[in-house]
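Subject: Structure for your review

Dear colleague,

Please find below the structure that I am handing over to you. I should be grateful if you would read the notes beneath it with the coordinates open.

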Amino acid sequence: MKIIENPKQWNELVIANNGSFLQSWEWGRLNEKLGREVKRIALDGLTASIFKYQLPFHKVYFYAPHGPVINFKELKDDDFNDFLFEIPGKNIFKEDQPIFFRIEPGHQAGYKKDYF
């Protein structure tokens with residue numbers, strides 16, 4: 001798992017894999033201005049902007065709007081499961097453990113042709 005901190009590199013990954021604007025660096029910056037923490041994660045054939053949302057009683061959840069963005073040419077059989085279980089368990093936001101991890105895969109053009 002790698003955290004991407006370069007805006008140009010991140011947007012190139014999202015665009016190259018037909019990702020949504022909700023995964024763009026700029027959307028993450030807007031959410032940061034709204035007080036949310038954002039991490040941009042690359043893990044094998046998957047990339048995702050992960051947003052941390054605060055809940056009552058000092059609880060949090062993680063959210064990947066229209067994510068993860070999938071590179072179907074690099075995706076291996078277990079990559080998606082690794083992504084789902086590794087992100088919440090790696091403490092990417094310091095010590096906060098999410099009570100759930102919400103993903104919302106968006107439609108990526110050409111997914112049937114490239115993967116199935």
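The notes below go from the overall fold to the helices, the core and the loops.

Overall fold

Please keep in mind throughout that this is a predicted model. The protein contains four helices and six strands, and their order along the sequence is β-α-α-β-β-β-β-α-β-α. Along the principal axes, the C-alpha atoms occupy a box of roughly 45 × 30 × 20 Å. The radius of gyration is 14 Å, which agrees with the value near 13 Å expected for a compact globule of 116 residues.

Of the 116 residues, 41% are buried. The accessible surface amounts to about 7100 Å², and carbon and sulfur atoms account for 53% of that area. If one takes the contacts between residues at least 6 apart in sequence, 60% of them link residues at least 24 apart.

Helix 1 and helix 2

Helix 1 has Trp10, Asn11 and Val14 as its buried residues. Viewed down the helix axis, these residues lie within an arc of 95 degrees, so they line one face of helix 1. The general geometry is familiar: an α-helix has 3.6 residues a turn, so residues three or four places apart point the same way. On the face of helix 1 turned away from the buried side, Lys8 and Ala16 are exposed. The packing partners of the buried residues of helix 1 are helix 2, strand 2, strand 3 and strand 5.

Both ends of helix 1 merit a note. At the N-terminal end, Asn6 acts as a cap, with a side-chain oxygen 2.9 Å from the backbone nitrogen of Lys8. Just after helix 1 comes Asn18, whose phi is positive at about 60 degrees.

Helix 2 spans residues 25-33, and its residues Trp25, Gly28 and Asn31 are buried. These three cover an arc of only 120 degrees around the axis, which puts them on the same side of helix 2. The buried residues of helix 2 pack against helix 1 (7-16), strand 2 (37-43) and strand 3 (46-55). Helix 2 is followed by Gly35, which has a positive phi near 100 degrees.

The nonpolar core

Which residues touch the most other members of the largest nonpolar core? This core has 16 residues, and the ones in question are Ile50, Phe62, Phe83, Ile87, Ile92 and Phe101. At least two residues of the core come from each of strand 2, strand 3, strand 4 (59-65) and helix 3 (79-89). As a general point, nonpolar side chains tend to be buried together in soluble globular proteins.

Two of these residues can be followed through their contacts. Leaving out residues up to four places away in sequence, Phe62 touches Ile50, Phe51, Lys52, Ile87, Pro88, Ile92, Phe93, Asp96, Pro98, Phe100, Phe101 and Arg102. The list therefore includes charged residue names such as Lys52, Asp96 and Arg102 alongside Ile50 and Phe101. Ile87 belongs to helix 3, and its relative accessibility of 0% means that Ile87 counts as buried. With neighbours within four places in sequence set aside, Ile87 is in contact with Met1, Ile41, Ile50, Phe62, Asp82, Ile92 and Phe101. Ile87 and Tyr53 are 34 residues apart in sequence, and their C-alpha atoms are 15 Å apart in space.

Loops and backbone geometry

The loop between strand 3 and strand 4 holds Phe57, and His58 is also found in the loop between strand 3 and strand 4. Phe57 is not a glycine, yet its phi is positive, near 60 degrees. His58 likewise has a positive phi, of about 60 degrees, without being a glycine. Are these side chains buried or exposed? Phe57 counts as exposed at 76% relative accessibility, and His58 is exposed with a relative accessible area of 79%.

The loop between strand 4 and strand 5 (69-70) contains Pro68. A cis peptide bond joins Gly67 to Pro68, with omega at about 10 degrees.

Yours sincerely

Key:
Residues are numbered from 1 along each chain as its sequence is written. This is a predicted model: local features need pLDDT of at least 70, side-chain atom pairs count only at pLDDT 80 or more; totals for chains, interfaces and linings use all residues. Side-chain values use heavy atoms; hydrogens and water are left out. Buried means under 20% relative accessible area, exposed over 50%, partly exposed in between (1.4 Å probe, protein chains only). The arc is that of the directions from the helix axis to the C-beta atoms. Contact means heavy atoms within 4.5 Å. A nonpolar core is a set of buried Ala, Val, Leu, Ile, Met, Phe, Trp, Tyr and Cys residues joined through side-chain atoms within 4.5 Å. The radius of gyration is taken over C-alpha atoms; the globule rule is 2.2 Å times the number of residues to the power 0.38. Accessible areas come from the Shrake-Rupley method with a 1.4 Å probe; for residues, only the protein chains shown count as cover. A polar contact is a pair of N or O atoms within 3.5 Å; within protein, one must be able to donate a hydrogen and the other to accept it, and residues adjacent in sequence count only if both atoms are side-chain atoms.
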